[in-house]
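Here are a few notes to go with the structure you asked about. Keep it open while you read and find each residue as it comes up.

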Amino acid sequence: MSNMHLHGDSASLPTLKASDAMRLRASLCEAAERGQTPRERRRLALMALSDLVNADSWIWCYSFVNEQSHHPKNIDYQHCGRVPFRRGIWYAFRAYGIPKNAPENDALYALVWKGVPFTRSIHDLVGMDFWQGDLECRAHVARLGIDEIVFSLRPLACIEGRMVFFGCSMGRREGREPFTPYQRSMIHEAVARCVYLRPGVPSSSVLKALDSLTLRFHRLLALMREGLSNREMGEITAKPTA
C-alpha cells in the first residue's frame with residue numbers, strides 16, 4: 001500500500017510521533033479485541049479513539065456517492081457517544097446525507113470523488129463565519145448540542161460510477177474547544193491503520209440495489225437497524241424543531 005494511499009490529503013496535519021502512533025494502534029486493537037463480532041470490535045475501537053481524542057460523540061460510515069450526485073447513501077453506519085440517543089440519530093442523518101441540503105455535503109463528497117483520503121473539520125468545509133452565522137447551522141447545533149465535528153474519510157473503490165468510501169467523524173459539544181491539530185492527526189491515523197474500522201469492497205449488485213432505494217427508505221433502514229418501534233421512528237422522522 002502506498003504512503004499516499006495511507007496518509008492521503010493530510011499535509012496540513014502534524015505527523016504523529018512514531019511512539020504515539022504505535023500506542024494509538026495498540027490501544028485501538030486492545031480495545032477491539034474484547035469484542036465478539038466485527039460490529040462490536042469496531043464500536044470498541046471507536047470508543048477507545050473517542051476517549052483518546054476527548055470526543056463527545058462519533059459516527060462510523062460505510063457509504064457511496066453516485067457520480068451524478070454528491071448525495072451519499074449508506075451501506076452501513078454506527079453511532080455512539082455521550083449525547084442523547086436521538087441527538088445521535090440526527091447527527092448521523094446530517095453528517096451522512098440527511099437533510100439533503102446540509103451545507104458541508106458538497107465539500108465533503110467533492111473531496112471523496114478525488115479518491116484520496118482526507119481529514120477535515122466542519123470549519124474547513126463550510127467556513128467558520130458560515131457555520132457560526134447561518135440559521136440552519138445554528139438550528140442543527142441547538143438540536144444536537146454538537147458544535148465541533150472532524151470528518152476523516154477514505155475512498156475504497158469506484159465501481160460503475162459509484163465511489164465507495166468509509167470513515168468516521170468525531171464531535172464535541174457546544175462550548176468546548178476545537179480538536180487540536182494533533183488530535184486530528186490521531187483520528188486520521190486511526191482510520192488509516194486500524195483494521196477493525198476498514199470494511200470490504202461491496203459487489204456491484206449490492207450497490208445497484210442500494211442506489212435504487214429512495215432517501216426516505218434509507219432513513220427508515222437506518223432507524224430499523226437501531227431496533228426502534230414504529231412510534232419512535234415516527235417521532236424521529238418528523239420535522240425537528242430548533
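1. A quick definition before we start: a residue is called buried when its relative accessible area is under 20%, exposed when that is over 50%, and partly exposed in between. Keep in mind, too, that this is a predicted model.

2. Let's try that on Tyr62. Its relative accessibility is 10%, so Tyr62 counts as buried. Trp60 is buried too, with a relative accessible area of just 1%. The rings of Trp60 and Tyr62 form a tilted aromatic pair, with 6.2 Å from centre to centre and 45 degrees between the planes.

3. Trp60 has another partner: the charged end of Arg42 sits over the Trp60 ring, 3.7 Å from the ring's centre. You can find a charge over a ring at Phe179 as well, where the charged end of Arg172 lies 4.1 Å from the centre.

4. How many aromatic pairs turn up in the whole structure? Two. Besides Trp60 and Tyr62, look at Tyr109 and Phe165: their ring centres are 5.7 Å apart and their planes meet at 45 degrees, so this pair is tilted. It links distant parts of the chain, since Tyr109 belongs to helix α5 (residues 104-112) and Phe165 to strand β5 (residues 162-173), 56 residues apart. Both Tyr109 and Phe165 are buried.

5. Now the cysteines. The structure has zero disulfides. For Cys29, the nearest cysteine sulfur is that of Cys194, 5.3 Å away. A disulfide needs the two sulfurs within 2.5 Å, so this pair doesn't qualify. Cys29 is partly exposed at 25% relative accessibility, whereas Cys194 is buried at 6%.

Notes. Residues numbered from 1 in each chain as written. Predicted model: local features only at pLDDT ≥ 70, side-chain atom pairs only at ≥ 80, totals over all residues. Heavy atoms only, no water. Buried < 20%, exposed > 50% of the residue type's maximum accessible area, 1.4 Å probe, protein only. Phe/Tyr/Trp six-rings, centres within 6.5 Å; stacked < 30°, edge-to-face > 60°. Helix = DSSP H or I, 4+ residues; strand = E, 2+ residues; numbered from the N terminus. Lys NZ or Arg CZ within 6 Å of the ring centre and 35° of its normal.
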